[in-house]
There are 2 protein chains.
Amino acid sequence: MSVSTSGGAQQGPVGHGAVMEHLDEAECLRLISPGGVGRLAYNGRYGLTVIPVNYKLHRGAILFRTGQDSPTGEDLETGIAHAEYQVAFEIDAINPAAREGWSVLIHGPAHAMTTDAERAEVEESGVEPWGPGPKERAIRITPARITGRRIRRPGE
Amino acid sequence: MSVSTSGGAQQGPVGHGAVMEHLDEAECLRLISPGGVGRLAYNGRYGLTVIPVNYKLHRGAILFRTGQDSPTGEDLETGIAHAEYQVAFEIDAINPAAREGWSVLIHGPAHAMTTDAERAEVEESGVEPWGPGPKERAIRITPARITGRRIRRPGE
């Protein structure tokens, strides 16, 4: 099982009645546009970390909130002005009964939204965290690369 | 939002009616024991990669299948005998309506199961891939670290 790095939709070989399609950027953005829960992945102090966060797609970017002093908030601080962590963000929808589903993978820099204009943008997006405690840090991932795929079983 | 690195269950501070619990290893293993879809994460040729795969928990380890010549299968080959990629595997269950859920994160080496005894173990586990094409490569992740957390809203 692999992640597409290609552009336009194409079909993979059929096996076990399954078809894999690579999704283009427009289709990926359409699929993730409702927002919801995605999985932030990054190389942090405890190694490779993957955690679910509630996100919004706002002006073509992924927005989510975290705590200023949380491990994630601190891990995403490079400590160097204008230097930003490269992270991945995965969103999927799986139908276990049908064994079908799609997944989208976004790569890009994790930008801490700290200016007044950025804080206004966070409010505008309406993104809310699920976890307890103050989540005063907002992070924006501007996609540098968007890939996706879908597995279907048209013959079943 | 952070991943627990602690052992026993403990409760975080309450905010927005939410409570975060850190889950101990036994509880994490109980939650993921039914198998299903988890997310494999690793640093591959296209950077940090996160993809859903169908897994089984078998003898305390994560088992899944991939294609011999797929990007994932090739990425997980170190090319060095007995050297194994360190990967992460994330499993979660989210209830968007209730804004509750749990997630488990496993770290460990990705071992290609190639001996006769290992092939027998793969058959015994009954793990099946969802994607099309032959999935003749089986991978076992033996957990080196298991962490997890749960967000609940008992007051709502």
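Which side chains meet in a salt bridge with a separation of 2.6 Å, N to O? The first legend below gives the pair, and the others look at the rest of this predicted model.

**View 1. A salt bridge between chain A and chain B.**
Here the side chains of D92(A) and R39(B) come together in a salt bridge, at 2.6 Å from N to O. The two chains have six salt bridges between them. Polar contacts join 13 residue pairs between chain B and chain A, counting pairs with both residues at pLDDT 80 or more.

**View 2. The side of chain B that touches chain A.**
Let us turn to the elements that build this side. At least two residues each come from β2 (19-23), β3 (36-44), β4 (47-58), α2 (71-75), β6 (85-95), β7 (100-112) and β9 (145-152) of chain B. The greatest share is that of β4(B), which supplies seven residues. Sorted by class, the side of chain B that touches chain A holds 25 nonpolar, 16 polar and ten charged residues.

**View 3. The extent of the interface.**
How many residues of each chain take part in the contact? On chain B there are 51, and they are in contact with 52 residues of chain A. Together the two chains bury about 4,000 Å² between them, and carbon and sulfur atoms give 63% of that area.

**View 4. The axis that relates the two copies.**
A turn of 180 degrees with a shift of 0.0 Å along the axis lays chain B on chain A, and the RMSD is 0.0 Å. This relation is that of a two-fold axis. If you would like a landmark in chain B, take A41(B): its C-alpha is the one nearest the axis, 3.9 Å away. The copies meet through the same surface, because 100% of the interface residues of chain B are also interface residues in chain A.

**View 5. An arginine with positive phi in chain A.**
Have a look at R99(A), which is not a glycine and yet has a positive phi of about 50 degrees. R99(A) sits in the loop between β6 (85-95) and β7 (100-112) of chain A. Is R99(A) buried or partly exposed? Its relative accessibility is 25%, so R99(A) counts as partly exposed.

**View 6. The arginine at position 99 of chain B.**
In R99(B), phi is positive at about 55 degrees, although this residue is not a glycine. The loop between β6 and β7 of chain B is where R99(B) is placed. With a relative accessibility of 25%, R99(B) counts as partly exposed.

How values were computed
Residues are numbered from 1 along each chain as its sequence is written. Chains are lettered from A and ligands numbered from 1 in the order in which they are written. This is a predicted model: local features need pLDDT of at least 70, side-chain atom pairs count only at pLDDT 80 or more; totals for chains, interfaces and linings use all residues. Side-chain values use heavy atoms; hydrogens and water are left out. Contact means heavy atoms within 4.5 Å. Buried area is the accessible area (1.4 Å probe) that two parts lose on being put together, summed over both. A salt bridge is a side-chain nitrogen of Lys or Arg within 4 Å of a carboxyl oxygen of Asp or Glu. A polar contact is a pair of N or O atoms within 3.5 Å; within protein, one must be able to donate a hydrogen and the other to accept it, and residues adjacent in sequence count only if both atoms are side-chain atoms. Helices (H or I, at least four residues) and strands (E, at least two) are DSSP runs, numbered from the N terminus. Ala, Val, Leu, Ile, Met, Phe, Trp, Tyr, Cys and Pro count as nonpolar, Asp, Glu, Lys and Arg as charged, and the others, Gly among them, as polar. Copies are superposed by least squares on the C-alpha atoms of residues with pLDDT of at least 70 in both. Buried means under 20% relative accessible area, exposed over 50%, partly exposed in between (1.4 Å probe, protein chains only).
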